Amino acid sequence: MSDTKPSGDWPPNIQAVFKRMAPASRYLGLEILEADKESRTVKVAFNAGPDLCNMWGGIQGGMVAAMLDDVMSLAVGLDLEWGQISPTLELKVSMLNAARPGRIIGTGRVIKRGKSVGFIEGELADEEGRLLATGSSTATFVTLKKKVPQGEPAQA
């Protein structure tokens with residue numbers, strides 16, 4: 001993760017990543033580079049280490065899919081409010097070239113956002129710009145319920 005600290009300009013979902021990154025995202029080496037709420041696009045980097053590799057030295061396909069899921073989730077979540085999340089309903093990944101350890105650049109963009117679902121596309125490239133993988137996903141929008149402290153009645 002970048003040493004850049006969030007400012008008030010970051011959308012809530014990006015601020016949440018700076019505040020407490022998901023362990024899976026940390027494992028993938030996620031670093032947020034840009035987030036544009038108006039265009040619903042994000043640019044990130046993954047600092048992929050050898051622990052993400054298969055026995056032949058390439059990044060294992062499931063790790064590539066997880067990177068794409070991260071970048072697309074960040075894009076679709078740009079206009080969510082605090083307390084909302086965007087779980088992935090469907091994910092399609094096309095592997096175009098072998099991904100190797102190092103810095104991988106991911107971009108994500110919202111294709112269409114409805115009231116309850118969003119459609120997103122993403123891609124990963126190496127630092128030389130060679131396209132490694134593309135993906136598309138469908139996400140839903142969920143408002144989390146606040147936890148009620150023990151002994152207090154739930155509010156209706």
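Two strands are said to pair if DSSP finds at least two bridges between them. With that in hand, the hairpin of strand 1 and strand 2 is a good place to enter this predicted model. Six bridges join strand 1 (residues 30-36) to strand 2 in the antiparallel sense, and isoleucine 32 has valine 44 of strand 2 as its bridge partner. Four residues lie between the strands of this hairpin, where arginine 40 takes a positive phi near 55°. Most residues other than glycine have a negative phi. Arginine 40, then, is worth a second look, as its phi is positive although it is not a glycine. Its place is in the loop between strand 1 and strand 2, and it is partly exposed, with a relative accessible area of 28%.

At the start of strand 1 the picture changes. Leucine 30 lies in this strand and is buried, because its relative accessible area of 2% falls under the 20% cut-off. The C-alpha atom of leucine 30 is separated by 11 Å from that of alanine 66, although the two residues are 36 apart along the chain.

From strand 2, the pairing can be followed onward. Strand 2 (residues 41-48) is joined by eight bridges to strand 5 (residues 102-113), and the two run antiparallel. Within this pair, threonine 41 stands opposite arginine 109 of strand 5. Strand 5 in turn is antiparallel to strand 6 (residues 117-126), with nine bridges between them. Here threonine 107 faces glutamate 123 of strand 6 as its opposite number, and a hairpin of three residues makes the connection from strand 5 to strand 6.

Strand 6 also pairs with strand 7, again in the antiparallel sense and over nine bridges. Isoleucine 120 stands opposite serine 137 of strand 7. The hairpin of strand 6 and strand 7 has four residues between the strands, and glycine 129 takes a positive phi near 90° there. On to strand 4 (residues 88-95): seven bridges join it to strand 7, and these two strands run antiparallel as well. Methionine 95 is found opposite alanine 133 of strand 7. Strand 7 (residues 131-140) has seven of its 10 residues buried, so it is largely enclosed by the rest of the structure.

The helices complete the picture, and helix 3 offers the most detail for discussion here. Helix 3 (residues 61-76) contains 16 residues and reaches 23 Å from its first C-alpha to its last, close to the 22 Å expected at 1.5 Å a residue. At the start of helix 3, a side-chain oxygen of glutamine 60 comes to within 2.7 Å of the backbone nitrogen of glycine 62. Further along, the buried residues of helix 3 are Val64, Ala65, Met67, Leu68, Asp70, Val71, Met72, Leu74, Ala75 and Val76. An α-helix has 3.6 residues a turn, so residues three or four places apart point the same way. Among the buried positions, Val64 and Leu68 as well as Met67 and Val71 can be read with that spacing in mind.One of these buried residues, aspartate 70, also has a C-alpha distance to a strand residue: its C-alpha atom and that of glycine 122, 52 residues apart along the chain, are separated by 9.5 Å. Glycine 122 lies in strand 6 and is buried, with a relative accessible area of 3%.

Helix 2 (residues 23-28) provides a contrasting case in alanine 24. This residue is exposed, because its relative accessible area of 53% is over the 50% cut-off. Alanine 24 and alanine 125 are 101 residues apart in sequence, and their C-alpha atoms are 20 Å apart in space.

Finally, the largest pocket holds about 910 Å³ of space. Its lining is made up of 27 residues, with Asn13, Ala16, Val17, Gln84 and Ile85 lying nearest its centre. Helix 1 (12-19), helix 3 and strand 3 (84-85) each supply at least two residues of this lining, and helix 1 gives the largest share, five residues. Sorted by class, the lining of the largest pocket has 12 nonpolar, eight polar and seven charged residues.

Terms used: Residues numbered from 1 in each chain as written. Predicted model: local features only at pLDDT ≥ 70, side-chain atom pairs only at ≥ 80, totals over all residues. Heavy atoms only, no water. Expected span 1.5 Å × (residues − 1). Buried < 20%, exposed > 50% of the residue type's maximum accessible area, 1.4 Å probe, protein only. Polar contact = N/O pair within 3.5 Å; in protein donor to acceptor, adjacent residues only side chain to side chain. 1 Å grid on protein atoms, 1.4 Å probe; cavity = no way out; pocket = protein on both sides within 12 Å on 5 of 7 lines; lining within 4 Å. Points joined across faces, edges and corners; volume = space filled by probe spheres on them. Nonpolar A, V, L, I, M, F, W, Y, C, P; charged D, E, K, R; others polar.
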